[in-house]
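Subject: Handover of a structure, with notes

Dear colleague,

I am passing on to you the structure we spoke about, and below it you will find my notes on what turned up in it. Please read them with the coordinates open beside you.

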Amino acid sequence: MDLNNKGLFINNKKAQDSIYESGVMVYNCLKLSNKISIDYIEISIENRILPQGYDFYFFNYHPSTMSWLK
């Protein structure tokens with residue numbers, strides 16, 4: 001297995017919406033890859049600190065859940 005690229009999947013906090021659930025489904029697919037290694041984090045306006053040191057960041061962005069993100 002060649003996991004050269006380390007990424008972070010950023011999702012909104014769990015809610016009763018399809019945006020969160022779709023993000024979880026996408027993350028579950030990506031974590032099966034033998035080309036990348038990916039971690040998962042949930043953020044909100046109150047908790048928006050992102051860890052450093054990743055090769056890439058994958059945002060499950062939607063204006064209705066992350067409009068505060070700049």
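How many helices and how many strands are there in the chain? There are two helices and three strands, and, followed along the sequence, these elements come in the pattern β-α-β-β-α. Please keep in mind throughout that this is a predicted model, and that the values below were computed from it.

**The chain as a whole**

The C-alpha trace spans about 35 × 25 × 15 Å along its principal axes, and of the 70 residues in the chain, 30% are buried. The chain exposes about 4800 Å², and carbon and sulfur atoms account for 54% of that area. As for charge, the chain carries 7 positive and 7 negative charges, and the mean positions of these two sets are 2 Å apart. If one takes the contacts between residues at least 6 apart in sequence, 67% of them join residues that are at least 24 apart.

**The nonpolar core**

The largest nonpolar core consists of seven residues, namely Leu8, Ile10, Ile41, Ile43, Tyr54, Met66 and Trp68. Strands β1 (5-12) and β2 (36-43) each contribute at least two residues to this core. Ile10, one of the core residues, is in contact with Ile41, Ile43, Leu50, Tyr57, Phe58, Phe59, Asn60 and Met66, once its neighbours within four places in sequence are left aside.

**Asn60**

The contact list of Ile10 includes Asn60, a residue that lies in the loop between β3 (56-59) and α2 (63-66). Is Asn60 buried or exposed? Its relative accessible area is 15%, and Asn60 therefore counts as buried, given that the cut-off for this class is under 20%. The side chain of Asn60 is joined to that of Asn11 by a polar contact of 2.7 Å. Beyond its neighbours within four places in sequence, Asn60 is in contact with Phe9, Ile10, Asn11, Asn12, Ile19, Gly23 and Met66, and two of these residues, Ile10 and Met66, also appear in the list of the largest nonpolar core.

**The loop between β2 and β3**

I looked at three residues here, and I take them in sequence order. Ser44 is found in the loop between β2 and β3, and because its relative accessibility is 12%, Ser44 counts as buried. Not counting residues up to four places away in sequence, Ser44 touches Lys13 and Trp68, and Trp68 is itself listed in the largest nonpolar core.

Ile45 lies in the loop between β2 and β3 as well, but with a relative accessible area of 42% Ile45 is partly exposed. The C-alpha atoms of Ile45 and Lys13 are 9.7 Å apart in space, although these residues are 32 places apart in sequence.

Asp55 is likewise placed in the loop between β2 and β3. With residues up to four places away in sequence not counted, Asp55 touches Asn4, Asn5 and Lys6. Between Asp55 and Ser37, which are 18 residues apart along the chain, the C-alpha separation is 9.9 Å.

**Helix α1**

Two residues of this helix are worth setting side by side. Ser18 has its place in helix α1, and Asn28 sits in helix α1 too, which covers residues 18-30. Ser18 has a relative accessible area of 54% and is exposed, whereas Asn28, at 31% relative accessibility, counts as partly exposed. Why do these two fall into separate classes? The cut-off for exposed is over 50%, and values between that and the limit for buried are called partly exposed.

Measured off the model's C-alpha positions by computation, Asn28 and Ser18 are 15 Å apart in space, and they are ten residues apart in sequence. Ser18 and Leu50, by contrast, are 32 residues apart in sequence, with 23 Å between their C-alpha atoms. The side chain of Asn28 also makes a polar contact, at 3.2 Å, with the side chain of Lys31.

With best wishes

Note on methods
Residues are numbered from 1 along each chain as its sequence is written. This is a predicted model: local features need pLDDT of at least 70, side-chain atom pairs count only at pLDDT 80 or more; totals for chains, interfaces and linings use all residues. Side-chain values use heavy atoms; hydrogens and water are left out. Helices (H or I, at least four residues) and strands (E, at least two) are DSSP runs, numbered from the N terminus. Buried means under 20% relative accessible area, exposed over 50%, partly exposed in between (1.4 Å probe, protein chains only). A polar contact is a pair of N or O atoms within 3.5 Å; within protein, one must be able to donate a hydrogen and the other to accept it, and residues adjacent in sequence count only if both atoms are side-chain atoms. Contact means heavy atoms within 4.5 Å. Accessible areas come from the Shrake-Rupley method with a 1.4 Å probe; for residues, only the protein chains shown count as cover. Lys and Arg count as positive and Asp and Glu as negative; His and the chain ends are not counted. The place of a charge is taken as NZ of Lys, CZ of Arg, CG of Asp or CD of Glu. A nonpolar core is a set of buried Ala, Val, Leu, Ile, Met, Phe, Trp, Tyr and Cys residues joined through side-chain atoms within 4.5 Å.
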